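This report asks what can be said about unusual backbone geometry and about pockets in one protein model. The structure is shown first, and the account of its local features follows.

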Amino acid sequence: MRHLRILPVLFVLFWTGGALACGPETDCRIGDRHYRIALPEGQVEGPIGAIIYAHGYRGSAAAVMRNANLRRMVSDMGLALIALKSGDDDWVIPSSPSHMEADGSVEYRYVEAVIEDAARRFPIDTGRLMAAGFSAGGMMVWNLACTMPDRFAGFAAIAGTFWKGPPESCETPAASVVHIHGRSDPTVPLEGRPIRETWQGKVSESMDMYEHLGGFSPAGDLTEGDLECQSRRNPRGEILELCLHPGGHSFRSSYVKFAWERLHAAGQL
């Protein structure tokens with residue numbers, strides 16, 4: 001278990017939305033940045049796991065919290081939803097169109113600060129965190145998997161991968177990654193596409209890089225709803241899965257739940 005924090009007491013919190021200094025409707029400030037958080041409705045016995053969610057291009061933490069389906073689903077799972085906010089209109093990560101020379105460190109430090117702040121303010125189990133994101137947020141998730149694998153039990157990248165292509169090296173040991181993508185996605189195509197001075201990488205190249213990094217081997221196929229997945233597993237028990245659906249550039253809250261359940265089934269949560 002990654003970064004399991006054993007707490008000596010059992011937290012019991014009644015979530016009322018306005019009882020805390022920040023939450024789903026109010027920013028949690030950390031320096032000049034912020035995030036938002038929604039705890040499960042009703043009585044919360046902690047510590048609890050959390051999904052840390054990265055929004056798409058020009059998105060916001062507030063907009064994530066306005067996604068009622070996502071909020072309700074994560075609450076029903078007994079988890080906290082933590083919504084990040086990019087450092088600019090887009091995530092400040094390597095080779096992104098507006099930040100070609102960025103090394104991503106400003107975002108990685110921010111995510112680390114969010115985890116530490118959320119664990120200080122709320123009964124968050126830092127050993128049960130999954131990073132998830134859609135589109136540009138999926139690109140952010142891949143970068144987190146590459147640079148901060150030890151801070152998360154796993155990663156769910158939806159319709160987003162590395163700009164230009166995977167980096168030459170990533171931090172080890174590898175973590176678990178579930179990548180979900182539409183076969184006919186025109187915005188972030190599976191085969192990539194040029195954008196301004198850069199280009200979106202091929203999903204297959206990211207999967208191949210991480211397969212080699214983590215020593216993953218084929219572990220069979222599975223189907224869940226409209227998702228058809230190729231599963232890989234390594235001797236440490238981590239999973240690497242590519243799950244495709246017949247649609248385009250689309251997000252469903254159920255994809256986040258599916259990824260969490262795959263990590264749980266693999267013993268990573």
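A residue counts as exposed when its relative accessible area is over 50%, and as buried when that area is under 20%. The model described here is predicted.

With that cut-off in mind, Arg-196 counts as exposed because its relative accessibility is 60%. Arg-196 is found in the loop between β10 (193–195) and β11 (198–200), and although it is not a glycine, it has a positive phi of about 50 degrees. Arg-58, which sits in the loop between β5 (48–54) and α1 (61–65), also departs from the usual pattern, for its phi is positive and near 60 degrees in a residue other than glycine. Arg-58 counts as exposed because its relative accessibility is 60%.

Most residues other than glycine have a negative phi, and most peptide bonds are trans. Against that background a further backbone feature deserves attention: a cis peptide bond, with omega about 0 degrees, joins Thr-172 and Pro-173. Pro-173 has its place in the loop between β8 (154–158) and β9 (177–182).

The report now turns to the pockets, whose volumes and linings are set out below.

| Pocket | Volume | Nonpolar lining residues | Polar lining residues | Charged lining residues |
|---|---|---|---|---|
| Largest pocket | about 390 Å³ | 13 | seven | three |
| Second largest pocket | about 180 Å³ | seven | four | one |

Which residues lie nearest the centre of the largest pocket? Of the 23 residues that line the largest pocket, those nearest its centre are Gly-56, Tyr-57, Asp-90, Ser-135 and Ala-136. Among the elements that contribute to the lining of the largest pocket are α1, α4 (136–147) and β10, each of which supplies at least two residues. Two of these elements also border the loops described earlier, since the loop that holds Arg-58 leads up to α1, while the loop that holds Arg-196 lies between β10 and β11.

Which element gives the most to the lining of the second largest pocket? With three residues, α4 gives the most to that lining. The residues that line the second largest pocket include the aromatic-named positions Tyr-108, Phe-162 and Trp-163, together with Pro-94, Pro-166 and Pro-167. Asn-143, Cys-146 and Thr-147 are likewise among the residues lining the second largest pocket, as are Ser-95, Asp-103 and Gly-165.

Conventions: Residues are numbered from 1 along each chain as its sequence is written. This is a predicted model: local features need pLDDT of at least 70, side-chain atom pairs count only at pLDDT 80 or more; totals for chains, interfaces and linings use all residues. Side-chain values use heavy atoms; hydrogens and water are left out. Helices (H or I, at least four residues) and strands (E, at least two) are DSSP runs, numbered from the N terminus. Buried means under 20% relative accessible area, exposed over 50%, partly exposed in between (1.4 Å probe, protein chains only). On a 1 Å grid over the protein atoms alone, a cavity is a set of points where a 1.4 Å probe fits but cannot get out, and a pocket is an open set with protein on both sides within 12 Å along at least five of seven lines; lining residues have an atom within 4 Å of a point. Grid points are joined across faces, edges and corners, and a volume is the space filled by probe spheres set on the points. Ala, Val, Leu, Ile, Met, Phe, Trp, Tyr, Cys and Pro count as nonpolar, Asp, Glu, Lys and Arg as charged, and the others, Gly among them, as polar.
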